[in-house]
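Let's take a walk through this fold together. Have the sequence and the 3D view side by side as you read.

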Amino acid sequence: SLNSPKSLILLDSNEYSLYEIKEELNQTANVDLYSVLADVKDEKRICKICKVFEVDTIYHAAAYKHVPLVEENPFEGVKNNIFGTLSCVNAAMKSNVETFVLISTDKAVRPTNIMGASKRFAEMIVQSSDKNSENTKFCMVRFGNVLDSSGSVIQLF
């Protein structure tokens with residue numbers, strides 16, 4: 001069940017962020033936690049992780065979301081946000097993951113910057129995959145600024 005998982009696999013390419021989130025979750029989570037250092041653009045690795053851990057649901061939130069940084073580094077934004085999503089989508093289908101949830105942004109609605117456009121493209125990949133997938137259900141949710149999240153402009157104001 002989604003509300004009572006037997007384990008939670010935390011995947012990140014940033015060692016310190018992975019350590020921090022695991023430490024925070026260890027305080028309250030009543031579930032087996034596993035930390036996996038990996039890059040979402042590495043489809044073979046994501047596939048292997050899905051199979052080894054018998055992943056049922058993927059919450060794909062790996063994105064560069066800081067608008068000014070992505071504007072200064074557009075190629076990295078596209079590689080991570082678009083091709084990283086594509087790798088994870090492909091791995092989910094190949095591994096027969098039941099559900100794939102893309103965590104998107106309100107900036108994908110009518111994109112005015114590279115970050116928003118890359119997230120809109122990622123949404124389109126997920127929408128297309130849902131139509132073409134037999135075993136994996138694909139969906140997405142858009143969020144605006146989340147209080148106290150990494151990169152939230154709330155702290156700035």
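What follows looks at the strands, then one helix, then the core and two loop residues.

A few ground rules come before the tour. This is a predicted model, so to speak of local features a pLDDT of at least 70 is needed, side-chain atom pairs count only at pLDDT 80 or more, and totals for chains, interfaces and linings use all residues. Residues are numbered from 1 along each chain as its sequence is written, and side-chain values use heavy atoms, with hydrogens and water left out. Helices (H or I, at least four residues) and strands (E, at least two) are DSSP runs, numbered from the N terminus.

**Strands**

Start with β1 and β2, which pair in the parallel sense over 6 bridges; two strands pair if DSSP finds at least two bridges between them. L11 has V36 in β2 as its bridge partner. To get from β1 to β2, the chain passes through helix α1 (residues 15-28), and this β-α-β crossover is right-handed. That label means that, with the strands pointing away from the viewer, the path from the first strand over the helix to the second runs clockwise.

Now find the open sheet of 3 strands, with parallel pairing and the order β3-β4-β5. Its edge strands, β3 (57-60) and β5 (137-143), each pair on one side only. From one strand to the next, the twist averages 15°. Strand β4 (residues 99-105) runs parallel to β5 and is joined to it by 7 bridges. T105 stands opposite F143 in β5. Lying across β4 and β5 is helix α5 (residues 114-132), which runs at about 160° to β4. Axes here are lines fitted to C-alpha atoms, for helices over the stretch in contact, and angles run from 0 to 180 degrees between N-to-C directions.

**Helix α2**

Which residues of helix α2 are buried? They are E43, I46, C47, I49 and C50, in a helix that covers residues 43-52. Buried means under 20% relative accessible area, exposed means over 50%, and partly exposed is in between (1.4 Å probe, protein chains only). Seen down the axis of α2, the buried residues fall within an arc of 160°, so they line one face of the helix. The arc is that of the directions from the helix axis to the C-beta atoms. An α-helix has 3.6 residues a turn, so residues three or four places apart point the same way.

Turned away from that buried side is a face with the exposed residues K44, K48, K51 and V52. The buried residues pack against β1 (7-12), β2 (32-37), β3 and α4 (74-94); contact means heavy atoms within 4.5 Å.

**The core**

The largest nonpolar core has 18 residues, and C50, I58 and F100 are among those with the most contacts inside it. Such a core is a set of buried Ala, Val, Leu, Ile, Met, Phe, Trp, Tyr and Cys residues joined through side-chain atoms within 4.5 Å. Its largest share, 5 residues, comes from α4. Leaving aside neighbours within four places in sequence, I58 is in contact with C50, A92, V97, T99, F100 and V101.

**Two loop residues**

Finally, look at two residues with a positive phi, neither of them a glycine.

| Residue | Loop | Phi | Relative accessibility |
|---|---|---|---|
| E54 | between α2 and β3 | about 50° | 59%, exposed |
| N96 | between α4 and β4 | about 55° | 46%, partly exposed |
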